[in-house]
Amino acid sequence: MLHTRLRATAAILAFGFSLSAASAQMVYNRGNPGDPETLDPQKTSTVVESDVLLDLYEGLVTYDAKAQIVPGVAESWAVNDDGTVYTFKLRPNAKWSNGDPVKAQDFVFSFRRLMNPETGAKYANILYTLKNGEKVNKGQAKVEELGVKAIDDRTLEITLEAPAPYFVAQLAHQTGLPVHPGSVEKFGKDFVKPENMVSNGAFMLKSFTPNDKIVMVKNPNYRDAASVKIDQVNVISAEDRSAALRRFQAGELHTYNDVPTDQIKFIRETLKGQFRVAPYLGTYYFAVNTQKAPFNDARVRQALSMVIDRDFLAEDIWGGTMIPAYSFVPPGIGNYGEPATVDWKDMSPIEREDKAKALLKEAGYGPGGKKLTVEIRYNTSENHKNTSVALANMWKPFNIEVKLVNTDLKTHYALLRDKGDYDIARAGWIADYSDPQNFLFLAESDNKGLNYASYANPEYDALMKKAAGTKDLQARAKILQQAEAVFLRDQPYLPLLFYGSKNLVSDKVSGWESNTLDRHLSRFLTIKQ
Amino acid sequence: MSDLVASGAAPPSSAVKGRSLWADARSRLVRNRAALASMIVLALIALACLFGPAMTGHDYDQVYQDYTRTPASLSSFPKPDQVAPAVERIASRMRAKAEDIVVGPDSVRATLVTPRPLDERLLVYFERSDMFLPARVVDKAEEGRRVTVEAPFQKMHFYFGTDSNGRDLLTRTLIAGRVSLAIGVLATTVAILIGVLWGAAAGYLGGRVDAVMMRAVDVLYSLPFIFFVILLVVFFGRNFVLMFIAVGAVEWLDMARIVRGQTLSIKRQEYVQAAEAMGVETFGILRRHVIPNTLGPVVVYMTLLVPKVILLESFLSFLGLGVQEPMTSWGVLISEGAKNIQGAIYMLIWPSVFLTATLFCLNFIGDGLRDALDPKDR
Amino acid sequence: MGLFILRRLLSALPTLLVIVTISFFLIRLAPGGPFDLERPLEAKVMENLRKIYQLDQPLWYQYWLYLSALMRGDLGPSFYFRDFSIAELFARGLPISMRLGFTALTLALIVGGTLGVIAAFRQNQPTDYAVVGLATFGITVPSFVVAPVLQIVFGLTLAWLPVGGWNDGAMRNTIMPTLTLALPQIAVIARLTRAAMIEVLRSNHVRTLRANGLPLSVIVRHTLRGAALPVVSYLGPAAAALLTGSIVVETIFGIPGVGRYFVEGALNRDYTLVMGTVVMIAVFVLFFNLLVDIVYALVDPRVRYE
């Protein structure tokens, strides 16, 4: 009797449960370490934005779960023989969230808007590969002259300034996302407001409260809506890494893409498989001011670089979330193969020290020589501080005295940009797209903004120029490797580490794949209730 | 009532005639046991911060690569479970494999296996590590491809643990106290001096002068402090004196408001009006009658100000004005510790203990000082 | 009194002007601008942006533009949150910060005031030591330590409350932030009340009252007024600060208030956002300090303004 009653209750409970589960929405709480500055795909510039925008919009090409480039709104494309004209065929079923078809003209509108100086697009220069892109953006040509043309509603023709093997990869960047021309014309810059926004991605914007959350719901008009399992995505702004970790532990966040580095050991012990580290296309480096004595001496720079115990930095300071860097271009990058490495990579620490001492001695420094005083500048952050303290300690035995100076981020980068008076400054670079050129151009002498070392080597510039004109990918890779070898010989930057992506992924999340771009579109994920 | 007698204040009749206000206050302060004990503890903390760093056996900036984020412990390092991984790491640097690792109480014995005969010069890696003294070869086999070595431990203590760079936290906590105590005392003094004078003058003079002086306080209150700090850094570089200016410049504002509030009330008291009637000059009245009567809240506020100033310093460090690595302060250590609260709570506890102890002492001293200076109790 | 309030309200305008003027030029002196990023912008892109936000105009002209917009009540667009105007940001955040701040302030006044009075009456007895000890602890332990501890205890270990998030202001989500905000204020108010009470208790007229054996409640009522002055003085700026939010509490608990804009705006060089917070804080400070001056006259008949 009791038995049956119990069973009956259990059955009711189970039934009730399954009922509510069936009707329950699948909600994905995605922690984001900051807020998007904008949800306007043409104004975007940050990684935080890319995660949101790639859920809201879909470009001609897009990423799959492993961040490989796959067809998006375009179902196929063709390239002409000299690699300068791309013809994209759009899918017939691609729709905006209001039901309008996504047309080739929409992309023309969007690319023109990106290049139009009046838009104020921070990242317009990424698509300077487009014919007349740079000229339009600089106000030297009319937007109509941009090399983007709609042949018909479903055919888009894009002409490039010069062949660029990485062009399709560039298109997947969030600046290549389209906007709905009708709503932009109607609402102006307010088209990004939740009540106005029309988007073509897997999700639609429901609300955006800065420092709180962005709510997105499934877009029924999305071309592949049937495969999207999540009903609602809450992109939760959680800037404090330690607090975000606690929210993750409490189950309030399903994923979060950063961790407090100091607590890696604790995280590994408590979260085990839910903490996922994977290689990431980024280099962490310290730029040396090559215009200032004695740092204009390549021997000094080489010696400084040589005696850095990168294993200690990667394992102990960064808790094993970074990879020791002996080249500048990270491994696993597209169109490259194996990067060139420094020639002392395989030397033992003792041999490296002896070599460094010899180099310093030649330059007049080192033990027994003049004292070398180095000022390391970094923007305030626990990780940069720990790294700089470790460097100071590693250089100390070589009669090198290190002074550490930290400032807030804006002051730091304003100093670098203005080529202020510094010896060594912390910097880093994350790939926009998977191509070695996206790293090596940082040391071109005419790259005024990003060449923090003020490195100017005609040999290097010539190689970079030659590579840009080479269409054959293998030949191009060879030339770029030669350029990197020159770079590593001169060490204008001391490459220290390659970034790793550090994700917290709840066991409830499936479909989540580690990848080198650390892109994870919500439409591939499923959340277990 | 009983609690008045228990307050530690001497009955008025016992005051010796002819003593000055300050001498009297001093003798009463010394007779307050809590205050006296606090002064002794505070002096001990100060002494520890001054001389302790030289006696811990570690330099405050010494990085021990083998001991990053080591929890606090009374027993010596290396711990048995740390030894084997360390030996393996050393072996891999020597391009060898460590086998049969036997950890003894004072040394470790291990067999290094290499494809080619081992170059014994590489044993120097043992003494380079922070855990071992120079290793010696005990046994060789297979023409030097299997070398058994013994390395004695290099014993050391980390009573407070180590930080992310493997630096001894005891030494760092002590050295941090120098900066924090200095800024706590000096900046607070500056803030109180300006605040009391400004507030008393505004309140006593009243009218238009008061209005202008207090609006000036409001203006300073509303200005974006961060830019003030950033500009100090940019135009004058890092400078210890600037830190006091930056802190002093903002922290006197509350003080001024509190003292002015008291003064508004005090200036209507009979004794002040009597003094005015007798023609005592303004500054004399402020000094003799107004300021001493505001001291109660001032002393309390001082004890509130010290921790505020010490913690504010860590924010200045964030903007690049405060202390600079490898030097540190309690504020910086505590804010680092707070970030590690889950994984390494010892990083937070020890500096906090020092700061809290200091403040308890200041509290009792402050209370004693107030009692001693209280004009009504004389 | 009416005249006094009127005069103060009138004097607020020139004070605000001074604050706005100094701040405007002060923040422009700092290195780095709103569009200096970790990866610098293409020179021309930067130029386009500066043009859109009129940063290419001479500084005095920008000042004039800002001032005339301010007169119309327009705080301008945010340079960082490019989809929002400053007014929109404040309209969302300020009510949240004010709600939390107000609750914390009320809590602090009730708890802190009571503790302070109790301690004063029991001076140098165990109760007093306990209160002073607690207060010292509350002042010493910064909110960036209190907040994580609360999160770990109530959010993770006991799992009674959500660790963070605003959740549209659900009660459960506001408990820990309010406590974190209130704790240091409780401590300060307890200390100030206690000290002021002791002072009053020692004055001759209260000694007489106590010697005559009047009931405690009467004595408390008599003394409280006199003891209120320093607390009221402290409360003016404290209320202004609490109601305009706290960066520590907001970032750790993930609360969309305005407290973080002060620091974030500065670090991002979001000029209009910083100016907006400056104006907002100035209005609060001026208002509460006026309020304090009025309260002075109410609690202490000796205070008069000519």
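Begin with chain A of this predicted model, and colour its two parts separately: domain 1 takes in 27-229 + 506-527, while domain 2 covers 279-502. The C-alpha centres of domain 1 and domain 2 of chain A lie 34 Å apart. Where they meet, 13 residues of domain 1 of chain A are in contact with 15 residues of domain 2 of chain A, and the domain 1 side of that meeting divides into seven nonpolar residues, five polar ones and one charged.

Next, select residues 68-447 of chain A, the stretch to which an unreviewed UniProt entry assigns the feature "domain: Solute-binding protein family". The end C-alpha atoms of this span are 29 Å apart, and its residues are 27% helix and 22% strand.

Now move to helix α2 (residues 47-56) of chain A, where eight of the ten residues are buried, so the helix is largely enclosed by the rest of the structure. To see them, show E49(A), S50(A), D51(A), V52(A), L53(A), L54(A), D55(A) and L56(A). Around them, display β1 (27-32), β8, β9 and β10 (232-237) of chain A, the strands against which the buried residues of α2(A) pack.

Two of those strands lead to the next stop, N211(A), which is found in the loop between β8 (203-209) and β9 (213-218) of chain A. Its backbone deserves a look, for the phi of N211(A) is near 65°, a positive value in a residue other than glycine. Most residues other than glycine have a negative phi. Is N211(A) buried or exposed? It counts as buried because 26 C-beta neighbours lie inside 10 Å, and the cut-off for that class is 20 or more.

For a second positive phi, go to N399(A), where the angle is near 60° and the residue is again other than glycine. N399(A) sits in the loop between α12 (382-395) and β15 (400-407) of chain A. With 16 other C-beta atoms within 10 Å, N399(A) is partly exposed.

Bring chain B into view and select its contacts with chain A: 20 residues of chain B are in contact with 24 residues of chain A. On the chain B side, helix α8 (residues 225-236) supplies the largest share, three residues, and that side as a whole divides into seven nonpolar, nine polar and four charged residues.

The largest nonpolar core, of 339 residues, comes next; those that touch the most other members are F286(A), A287(A), L496(A), L497(A), V229(B) and M255(B). Helix α11(B) gives the most to this core, with 18 residues. Domain 1 and domain 2 of chain A both give residues to the core, so it lies between them. Centre the view on M255(B) and, leaving aside residues up to four places away in sequence, you will find that it touches A191(B), I192(B), G195(B), V196(B), G199(B) and Y301(B). Apart from the largest core lies another, of 21 residues, among them V83(B), V87(B), A98(B) and A135(B).

Finish with two peptide bonds in chain B. Select F77(B) and P78(B), which are joined by a cis peptide bond with omega about 0°; P78(B) has its place in the loop between α3 (33-51) and α4 (80-93) of chain B. Then select E325(B) and P326(B), where the peptide bond is also cis, with omega near 0°, and P326(B) lies in the loop between α11 (282-318) and α12 (330-339) of chain B. Most peptide bonds are trans.

Methods: Residues are numbered from 1 along each chain as its sequence is written. Chains are lettered from A and ligands numbered from 1 in the order in which they are written. This is a predicted model: local features need pLDDT of at least 70, side-chain atom pairs count only at pLDDT 80 or more; totals for chains, interfaces and linings use all residues. UniProt positions are given in the numbering used here, feature names are shortened, and annotations may be inferred rather than shown by experiment. Helices (H or I, at least four residues) and strands (E, at least two) are DSSP runs, numbered from the N terminus. A residue is buried if 20 or more other C-beta atoms lie within 10 Å of its own, exposed if 12 or fewer, and partly exposed in between; C-beta atoms are placed from the backbone. Domain bounds come from an automatic or database domain assignment. Two residues are in contact if their C-beta atoms, placed from the backbone, lie within 7 Å. Ala, Val, Leu, Ile, Met, Phe, Trp, Tyr, Cys and Pro count as nonpolar, Asp, Glu, Lys and Arg as charged, and the others, Gly among them, as polar. A nonpolar core is a set of buried Ala, Val, Leu, Ile, Met, Phe, Trp, Tyr and Cys residues joined through C-beta atoms within 7 Å.
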